[in-house]
Amino acid sequence: MNAALLDVQSVSKRFGGFAALTDVSLGVRAGERLGIIGPNGSGKTTLINCICGALRGHRGTILFDGHDVTGLAPYQRTRLGIARSFQIPRPFASMSLVDNVAVPLEYVARRDLTDRDLAPRDSKRRGPLAAADIRAEALAILDQMGLQAGADALAATLTQVGLRKLELARAMAARPRLLILDEVMAGLSSTEVDEVLALLFTLSERGVTILMIEHIMRAIMRFSERVVCLDAGRVMAEGPPATIAADPMVRRIYLGA
């Protein structure tokens, strides 16, 4: 069994008197495909914001590859290999697709080989990439997403599924070890959902660990190796997709049965 790449330990988060998360614990193995489901307001996005560093929990610990990242800023977590997509894609609309991907790629390409906050002082450093190399890698990422033909088109010209693919491309430009997807298939047709699923399976086969939040049940049940169900900020059930789909509590709190 692969070791845990991400280990969330008893994380709690409050907004005033509202408990968004209460003692949430979960682990994600290296190479695993983990799905998180739950009704609106169950704490899913709050959880991934805590994992990525956009929010700080009031208590609890988050470990990534054995390192305590609880106190690290979002950019430091990104440099360690945590990347995410957002529910609403916000590309640089007046820039080309390739330039949209080059922005995060250039940032990551200039990072140290290992994060200085966690690495020995004598760690080797990774120098900046040449502009031509950045463009070549950006084009390769766009090609993976089926977007290379329009690489020099403006992001503003993309369809909804194109925007979702560009959002994935920008996340992959951060060279993630853990890719966190927040409703990456929202608003897509059935055929478009299948397109995105095919891309995600390819990324998984290439070794990217994926944590996915999604309301499209057929997609998350097909993609995930394991599913966690949240409700009112607590983990209510966890297991293989078939087990979760048949769980009476999950049906009651999520499926309305």
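**Figure 1. The hairpin of strand 9 and strand 10 in the predicted model.** In this predicted model, strand 9 and strand 10 form a hairpin with two residues between them. Look in the turn for A232, where phi is positive at about 50 degrees. The two strands run antiparallel and are joined by five bridges, with strand 10 spanning residues 234-239. Two of the pairings are easy to pick out: D231 has R234 as its bridge partner, and V228 has E238.

**Figure 2. Strand 9 and its parallel neighbour, strand 3.** Here we stay with strand 9 and turn to strand 3 (residues 33-37), which runs parallel to strand 9 and is joined to it by four bridges. To find your place, start from I37, which stands opposite C229 of strand 9. How many of the six residues of strand 9 are buried? Five of the six are, so strand 9 is largely enclosed by the rest of the structure.

**Figure 3. The largest nonpolar core.** This core has 48 residues, and I37, L142, L168, L179, M185 and L200 touch the most other members. Many elements contribute: helix 3 (97-109), helix 4 (131-144), helix 5 (160-172), helix 6 (190-205) and helix 7 (217-223) each supply at least two residues, as do strand 7 (178-182), strand 8 (209-213) and strand 9 (226-231). Which helix gives the largest share of this core? It is helix 5, with seven residues. In soluble globular proteins, nonpolar side chains tend to be buried together.

**Figure 4. The surroundings of L142, and a second core.** L142 is among the residues that touch the most other members of the largest core. With its neighbours within four places in sequence set aside, L142 is in contact with L97, V98, V101, L147, Q148, A151, L166 and A169. Another core lies apart from the largest one; this other core has 27 residues, including L6, L21, V28 and V69.

**Figure 5. V208 in its loop.** You will find V208 in the loop between helix 6 and strand 8. Is V208 buried or exposed? Its relative accessible area is 7%, and residues under 20% count as buried, so V208 is buried. Leaving out residues up to four places away in sequence, V208 touches M172, P176, R177, L179 and L203. L178 is worth a look as well: 30 residues separate L178 and V208 along the chain, and their C-alpha atoms are 6.2 Å apart.

**Figure 6. The open sheet of four strands.** Follow the strands in the order 2-1-4-5 and you cross an open sheet with antiparallel pairing. Why is one side of strand 2 (18-29) and of strand 5 (67-68) left without a neighbour in the sheet? These two strands stand at the edges, each with a single partner strand, so one side of each has no neighbour there. Strand 1 (residues 4-15) pairs with strand 2 in the antiparallel sense over eight bridges. One position to look for is R14, which stands opposite A19 of strand 2.

**Figure 7. Helix 1 and the residue just after it.** Helix 1 covers residues 44-52 and is mostly covered itself, with eight of its nine residues buried. The buried residues are K44, T46, L47, I48, N49, C50, I51 and C52. Just after helix 1 comes G53, with a positive phi of about 100 degrees.

**Figure 8. Charges over aromatic rings.** Two views fit together here. In one, K13 lies over the face of F15, 5.2 Å from the ring centre. In the other, the charged end of R33 sits over the ring of F223, at 5.4 Å from its centre. As for rings paired with rings, the structure holds one aromatic pair.

**Figure 9. The whole protein, for orientation.** Stepping back from the close-ups, the protein has nine helices and ten strands. Of its 257 residues, 48% count as buried. The accessible surface comes to about 11700 Å², and carbon and sulfur atoms account for 53% of that. Among contacts between residues at least 6 apart in sequence, 66% join residues at least 24 apart.

Technical notes. Residues numbered from 1 in each chain as written. Predicted model: local features only at pLDDT ≥ 70, side-chain atom pairs only at ≥ 80, totals over all residues. Heavy atoms only, no water. Core = buried A, V, L, I, M, F, W, Y, C linked by side-chain atoms within 4.5 Å. Buried < 20%, exposed > 50% of the residue type's maximum accessible area, 1.4 Å probe, protein only. Contact = heavy atoms within 4.5 Å. Areas by Shrake-Rupley, 256 points an atom, 1.4 Å probe, with all protein chains shown as cover. Phe/Tyr/Trp six-rings, centres within 6.5 Å; stacked < 30°, edge-to-face > 60°. Lys NZ or Arg CZ within 6 Å of the ring centre and 35° of its normal. Pairing = 2+ DSSP bridges.
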